[in-house]
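The following exercises are to be solved by inspection of the model and its sequence. Each task is followed by a worked solution.

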Amino acid sequence: MAENGKSSTEKVPAAAHPLTENPTEIATDINYHVKLNTHFSPFKFEPEQAFFATAESVRNSMGGHFLYFVRDNPKHTYYFSMEFLQGRALTNAIGNLGIENAYAEALNKLGHELEEIVEQVINSSKKPVLVLNCIILMTGNGGLGRIASCFLDSMATLNLPAGGYGLRYKYGLFKQRNTKQGQEEIAEDWLEFSPWEVVRYDLVYPVRFFIYAVLYPGDATESGKLLRLKQQFFLCSASLQDIISRFKDQRGGYTWSEFPSKIAVQLNDTHPTLAIPELMCLPMEDEGLGWDEAWDVTTRTIAYTNHTVLPEALEKWSQPVMWKLLPCHMEIIEEIDIMFLAMVKDTRPDLEYKLPSMCILDHNPPKPVVRMANLCVVSAHTVNGVAQLHSYTLKAELFVVTSLYGPPSSKIRLTALLGGFGFAIQSSFADDANFQDEWASAKMASKRRLASNISCVTGESIDPNSLYDIQVKRIHEYKRQLLNILGAIDRWYLFQNYNVSVAEMLIPGSELSQHISTAGMEASGTSNMKFALNGCLIIGTLDGANVEIREEIGEEIFFLFGARADEVPRLRKYQENRLFEPDPRFEEAKQYIRSGAFGSYDYKPLLDSLEDVIYRYFRDRKRWLKMSILSTVGCGKFISDQTIAQYAKEIWNIQECRVP
Ligand code: CR1
C-alpha cells in the first residue's frame, strides 16, 4: 500500500489489449503493467508508477503498427535530424490515437487524474531564458527540431512507410534558470524516466567514433567542435548502415541500382550532411561499387531541406579537422567538388563567376572550410526551403547554380499545434453571435489556464481580460526582440522555461503575437503558424511564412508591420548615412532604460502607431473575435499533415500503406 493510500488491485490480468477504447479494459491493462513492471516495486501505485504503466499500456497497444510495413516492402522514407523536439509523448500518443477520454476515465477508476500523471514527465525542451512582458527569449533552435517531431507524427497519421533517425543524447535537455550571477543551464538526465524506449539488442553497427554525451557541445572550443562533428558522423553512419542492412534483407535479393526506388533520405538542414559521402563510401568500400554507380545511388536517394539563409548559420567545417577525422570522406567530397566545377564550366560558362561562392571547398586561407550546404545542394536530387519567400531567396541569391538541376521545390511548409480548438470551422461562422460566444469562452478558458500557470511560476497575477500579447523566439538580432522590448517598456511580466508543454498552454491563450523579424531574414518561422491557427492575431513583417499566412487568412486580419524585404537594403543605406529619423519614442524608451529601471541593457532602435490600431480593434470585441475565427479558418494549409503529404508525393515518391 502506498503512502497516499492508493494501491494496485490484486489480480494480474492475462494479457495486454490492442487499442481498446473501453475504460474498464484499459484500467485492467494499466494494472497489468503496474504488476509486471520491473522498474518499480509492485506495491506502489503513485503518480510515477501510474504514468509508467499507462505509457506502457499505450505503447504496447500500438505495437502491431511497428511491423506492418515489413510485409509489403514498399519504398520508405527516412528523416535524418540531429534534433527532435518532442512534447509529452504520452499525451501526444493518446491524443493522436483519439483515446484520451478513455484513458482519463480508466485512470479515474484507479484513483488518478490523467492531467496529474502526465506531469511526471520531464518535458523535452530547448533552452529558454526569460520572458519580459510576455516576450520569451530562447537560446538554441526551436522550429527545426519541433518540425522534425511534428513530421514523424504526420507520417504516422498519414500511414506512410517512413520514420526518423536521431541520436539518443544522454543529456538532451537543458533546464534554464536565472540567478543573480546570470543565466544557469542544468543538463537533465532525461533518459532516466522513459518508458518509450525500445532497445534492439540485435542491431549493432560499427562506427568509428562514439563520444556523444551532450546535445550542443560548446562550439567555442575545438574539442566541442570535434565532438559535434563526431556526433553528426555517428548519426549518419549508423543510420545508413541500418537502412542498408534492411535493404539487403528484403526478399528476392537486391541490386544497388534499385536502392533509390526503395529508400528516400531527407536531411533536416545540413547537420546530417555526412550522409552524402557515407552513402558513397559504404557500398564502394564494402561491396566494390564503382564511383558512378555510388554517385547515382546517392544523388537519387538524398533530398535536403535548407532552414536558413543567414551566413553565420550555414554550417562550415574546417578542412584540416575533416581530413584528420574522416580522410576517406574528404577524398569523396573533394572529388564531388571537382566534378561540380567541371560541370558548371562545361555547361554554364555564364555562371562561372558564381563558382567562388558556390563551390563546396573554400580554400581561402587562413581557414579553409567545407561548406556543408553547398555539398547538399550539389548532391541532393531535391532542395527545398521552408516558405515561399525563403525558397525564392535560395534560388535567386544563394544557390543560383542549382537551377541547373531544376528548381528547388518552393512550396514546403510546416507545422501546427492545436491547443484549444477543433478545426472543422467555416468562415461563415465568423459572424455568428453564438459561435463567437463559444469562441470567446474557449479563448478565455485558455487564458485563465495560462494565467494560473504564470502565477504558479512567477507569483504574478494577470487579469484574464487584458490583451495577451506574446513573442516567443530564440534570441537573434534579426528577430528584433529588442525592438519589441523597447515597445513593451511601459507594460510588462515574467515567465520561464519555455518548452512544448508551455507552448500548448501559451499559444491557445494568446490573442496577439509578434513576428517582426527584419524582412528577408526569417526562413519561415513556425510559431507564427501555430498562433494564427489558434485564433491569435499576428503583427508581423512580410517575412518567411508570414507572407503566406497573410495570403491565406486575408490581409485585413493581419497587422502588417515594417519594411518589405526589397526595401531593406535601401533603408539600411539610409541609416548608414544617418538620414534616418527614429520615432521619438525610441529615445524616450532608451532614456527610461538608461535610468536603470530594468538593469543594464544594451539596445537597438519601436513599434509605431500600429499599436493604437490594435488596441482600438481589441476593444471592439465582435470585430476582434471575427478576426480571430477567420485566422484559424485560414490556416488549414499550415498543418504538418499537409506538408508531409506534399513531401511524400513531390520529393519522396512514397505511398500510403494502411494498417490491415
Ligand atoms: C529558421 O530560422 C524556421 C525554422 C524551421 C530555422 C526559422 O525561420 O522556421 O528553421 N532555421 O524551418 C534553423 O534553425 C539552423 O537553422
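The exercises below proceed from the chain as a whole to a helix, the cysteines and the ligand site.

**Exercise 1. Characterise the chain by its secondary structure, burial and accessible surface.**

Solution. The structure is a predicted model. Step one is the secondary structure, which comprises 26 helices and 17 strands. Step two is burial: of the 660 residues in the chain, 52% are buried. Step three is the surface, whose accessible area is about 30300 Å², with 52% of it belonging to carbon and sulfur atoms.

**Exercise 2. Compare the span of helix H10 with the expected value, and state which of its residues are buried.**

Solution. Helix H10 covers residues 275-287, a run of 13 residues. The expected span is 1.5 Å times one less than the number of residues, which gives 18 Å for H10. From the first C-alpha to the last, H10 reaches 17 Å, close to that expectation. Turning to burial, the buried residues of H10 include Ala275, Ile276, Pro277 and Glu278. Leu279, Met280, Cys281, Leu282 and Pro283 are also buried. Just after H10, Gly288 adopts a positive phi of about 65 degrees.

**Exercise 3. Determine how many disulfides the model contains, and explain why Cys281 does not form one.**

Solution. The criterion is a pair of cysteine sulfur atoms within 2.5 Å. Applied to the model, this rule yields zero disulfides. For Cys281, the closest cysteine sulfur belongs to Cys328 and lies 5.4 Å away; the pair is therefore too far apart for a bond. As to its surroundings, Cys281 is buried, with a relative accessible area of 4%. Cys635 is likewise buried, at 0% relative accessibility.

**Exercise 4. Describe the residues around the ligand, their polar contacts with it and the extent to which the protein covers it.**

Solution. First, identify the shell: 15 residues surround the ligand, and His307, Arg474, Glu522, Ser524 and Gly525 come nearest. Helix H7 (residues 143-157) supplies the largest share of this shell, three residues. Second, classify the shell: five residues are nonpolar, seven polar and three charged. Third, examine the polar contacts, for which the cut-off is 3.5 Å between N or O atoms. A side-chain N or O atom of Glu522 is 2.3 Å from an oxygen atom of the ligand. For the side chain of His307, the corresponding distance to a ligand oxygen is 2.5 Å. A polar side-chain atom of Tyr478 lies 3.3 Å from a ligand oxygen. Finally, consider cover: the ligand on its own has 400 Å² of accessible area, and the protein covers 94% of it.

Notes: Residues numbered from 1 in each chain as written. Predicted model: local features only at pLDDT ≥ 70, side-chain atom pairs only at ≥ 80, totals over all residues. Heavy atoms only, no water. Polar contact = N/O pair within 3.5 Å; in protein donor to acceptor, adjacent residues only side chain to side chain. Areas by Shrake-Rupley, 256 points an atom, 1.4 Å probe, with all protein chains shown as cover. Helix = DSSP H or I, 4+ residues; strand = E, 2+ residues; numbered from the N terminus. Nonpolar A, V, L, I, M, F, W, Y, C, P; charged D, E, K, R; others polar. Buried < 20%, exposed > 50% of the residue type's maximum accessible area, 1.4 Å probe, protein only.
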